[in-house]
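The following exercises treat a structure through its strands, its helices and its ligand site. Each task is followed by a solution that proceeds step by step.

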Amino acid sequence: MTKTEFPPSIISRPVYGQLAPRPGAFHLFVADGEGAEAVVELFDKADPSLKSRAHILYTAGPNGTDQWDKIAALGANQAQKAASIPTLLFRLARVLQDTPMDAQIYLTGTEGLMGQAERDVMALGFPHVDIQKEHRGSTVRRVQCVHCKGITENVRMDPFQCSHCGLHLFVRDHYSRRLAAFQGVNIDAEDKGQIPPAVERFK
Amino acid sequence: MSLDFKYGFDDFFRDETFVDDFTYRNSPQNIRRFPFPFDRDDYMYSVNMEPHVPGRKGSVFEKTFDVDEHYLSEMRDRARVLAADPLRCQSLPHMTLAGWDLLELIMETKAREYPQWFSLTKDGNRWHWINRPLGIDQKFTFLDESTLPYGPMEYITRQTQGDFTLQDEREGTLWVDAGMVTTQADWSLDFNIGMNFHEWHAPVPLAHEKGIFDRALKFLLKLQHGSPVRRYNWTMTVNPLLDTAPETYPEWGHMRTALTQENMGNMMHLRVELQTLYRLPRSNAILFDIRAYLGKFEELVQVPKWGRRLHRVVRDIHPDLATYKGFIRNRDAMALWLSKYDDGAPTSPGWWPED
Ligand code: HEM
């Protein structure tokens, strides 16, 4: 079971487990923020030879947590720090070109990072049984406005204002793996201007 | 190439609107054939599926794809919605063959069932399609996309009432990987495309816990080519809006606040979805056809049995269902209005108007 406790939810919402080392000729890690700790714990559990067949892509978390030092100290065959999730995804696209189809893929950290990395990995046809995910750190959400289709990253408050069209949106648990995003829907479409106070639902 | 309609409005095909001045209504004959979805005085979700075989003459079940008096106006409304938002019609790359399956099914069936309106002649893969009500005369090569102005799914569903989705079968489930969705009850194709059966049904209350989706999926995976099935779903829509998409919710949501006892009969519509499911022969995909029928409260209560029954269903519905279907805020006002048409007399089983 996941270490992060999420409130009960509908079933399109992703669920996460705990990373466990599995046999494989190549091990690809994608992590942000506190995800570094999950990578460290996995290296502790794994056969020491995993190190020489591991490639780690890392970026700081949306809450500012930067544990690059821990990643760098692991001694993996390859490890890079990206400036942001979008730049990490560019690197990932390049790395995936050389990744064998039977590689083990480990995603850990925030939902936004894991969702986008999983989307890109699956688009290339990697079997999802070889992809593991463990949530760590911030629970902020990546939300698509169903009206203007714009994505707002790192949503903490519910309702919040769409960073593109400016509508006030409530955050649903309905989740699209293709978009790697939750759905935001206008909260005052019926009663115009009646916007309840925002609550910090995601930290 | 383009698909220009020459609308043949006449004594049968009504010229009416589903936006702005909302001139949509049902003729007296059409009220009698309305697919009233309640076969008893209460409602709860169930795995309500039966073979889609020809039903009573004159009913919406008589033909495979019902063409009714709203046909031309519905197609005009679809073209309007697509012009404003092309994302309402999408097909992932592997679904083109299923689109051809769909085009073939509709063209062959309509030409057979409505020869006065549609004709299909074939010379090998060279096909000739005529749609007289929309003024279309198209020669094309079957399975060659370059010979049609749109992909096969979009081409034929711009000419067919109802929303359509195409499901690919993989990994023991169904994936909604293509669709033409412009008359939906508040769900987004653009958001849902690529989801599996349980994911896209995730927001539905109570039904998962009752095992309804597990059983429905099991049933569907066994669906055979040539043996389609059908079921009903329903909701409530204020004003005759065919397009109640989440995308445009800021434009139509506020209409829900405008109801009064005076305008209820004209503004509130029972929205019935006649859903049919087909296994397609080449692609092995499953076609889901969601045909929406709108009936004004004042039209439906002209059938005494329906007036009594609709009152009881609305009055007693589980609040989670009324919330999900978007009418909880108006439920009491709707029940009050309908109560005038319920004298407490017993109703006969089944949904037909007279028996
Ligand atoms: C395979 C084709 C099908 C597709 C593409 C489909 C799609 C959908 C969608 C998009 C929704 C709305 C979910 C939301 O709120 O976002 C829905 C609702 C629902 N579906 Fe399906 N569905 C299919 C088949 C079935 C079948 C076979 C059943 C049989 C039990 C079923 C039962 C339901 C029920 C009970 C609801 C809630 C409806 C309401 O209360 O208005 N669906 N479906």
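**Exercise 1. A hairpin in chain B**

How many bridges join strand S3 of chain B to strand S4 of chain B, and do these strands run parallel or antiparallel?

Solution. The model under study is predicted. Step one is the count: strand S3 (residues 118-123) and strand S4 (residues 126-131) of chain B are joined by 6 bridges. Step two is the direction, which is antiparallel. Step three selects one pair within the ladder: B:Leu120 has B:Trp129 as its bridge partner in S4(B). Step four turns to the connection, where 2 residues stand between the strands and B:Gly124 adopts a positive phi near 60°.

**Exercise 2. The sheet of chain A**

State the order of the 5 strands in the open sheet of chain A, and identify the strands at its edges.

Solution. The order is S7-S6-S11-S10-S9 (chain A), with mixed pairing. Strand S7 (151-155) and S9 of chain A each have a single partner strand, so one side of each lacks a neighbour in the sheet. These two strands are therefore the edges.

The individual pairings can then be taken in turn.

- Strand S6 (residues 141-145) of chain A pairs with S7(A) in the antiparallel sense over 3 bridges; A:Val143 is placed opposite A:Thr152 in S7(A).
- S9(A) pairs with strand S10 (residues 168-176) of chain A over 2 bridges, also in the antiparallel sense; A:Gln161 is placed opposite A:His168 in S10(A).
- S10(A) and strand S11 (residues 181-186) of chain A run antiparallel and are joined by 5 bridges; A:Leu169 is placed opposite A:Asn186 in S11(A).

Two of these connections are hairpins with a residue of positive phi. Between S9(A) and S10(A) there are 6 residues, and A:Gly166 has a positive phi near 85°. Between S10(A) and S11(A) there are 4 residues, and A:Ala180 in the turn has a positive phi of about 55°.

**Exercise 3. Helix H4 of chain A**

Compare the end-to-end reach of helix H4 of chain A with its expected value, and list its buried residues.

Solution. Helix H4 (residues 111-123) of chain A contains 13 residues. From first C-alpha to last, H4(A) reaches 18 Å, close to the 18 Å expected at 1.5 Å a residue. Its buried residues are A:Glu111, A:Gly112, A:Leu113, A:Met114, A:Gly115, A:Gln116, A:Ala117, A:Glu118 and A:Val121. After the helix comes A:Gly125, with a positive phi near 90°.

One member of that list, A:Met114, can be related to A:Ala83: the two are 31 residues apart along the chain, and their C-alpha atoms are separated by 16 Å. A:Ala83 belongs to the loop between strand S3 (78-81) and helix H3 (85-97) of chain A. With a relative accessible area of 74%, above the 50% cut-off, A:Ala83 is classed as exposed.

**Exercise 4. Backbone exceptions**

Locate a cis peptide bond in chain A and two non-glycine residues with positive phi in chain B.

Solution. As background, most residues other than glycine have a negative phi, and most peptide bonds are trans. The bond from A:Asp158 to A:Pro159 is cis, with omega near -5°. A:Pro159 lies in the loop between strand S8 (157-158) and strand S9 (160-161) of chain A.

In chain B, B:Asp20 has phi near 55°; B:Asp20 precedes helix H1 (28-32) and is exposed at 72% relative accessible area. B:Asp186 has a positive phi of about 65° and lies in the loop between strand S7 (173-180) and helix H5 (189-192) of chain B. Its relative accessibility of 36% makes B:Asp186 partly exposed.

**Exercise 5. The ligand site**

Which residue is the protein donor of the iron atom of the ligand, and which residues surrounding the ligand are closest?

Solution. The only protein donor of the iron is B:His201, through NE2 at 2.0 Å. B:His201 sits in the loop between H6 and H7 of chain B.

The shell has 23 residues, the closest being B:Tyr45, B:Trp200, B:His201, B:Tyr324 and B:Lys325. By class, 15 are nonpolar, 6 polar and 2 charged. H7(B) supplies the largest share, 4 residues.

Polar distances complete the description. A side-chain N or O atom of B:Tyr45 is 2.4 Å from a ligand oxygen, and a polar side-chain atom of B:Lys325 is 2.8 Å from a ligand oxygen. For B:His201, a polar side-chain atom is 2.9 Å from a ligand nitrogen.

Definitions and conventions: Residues numbered from 1 in each chain as written. Chains lettered and ligands numbered in written order. Predicted model: local features only at pLDDT ≥ 70, side-chain atom pairs only at ≥ 80, totals over all residues. Heavy atoms only, no water. Near = heavy atom within 4 Å. Polar contact = N/O pair within 3.5 Å; in protein donor to acceptor, adjacent residues only side chain to side chain. Nonpolar A, V, L, I, M, F, W, Y, C, P; charged D, E, K, R; others polar. Donors = N, O, S within 2.8 Å, 3.2 Å for Na, K, Ca; no water. Buried < 20%, exposed > 50% of the residue type's maximum accessible area, 1.4 Å probe, protein only. Pairing = 2+ DSSP bridges. Expected span 1.5 Å × (residues − 1).
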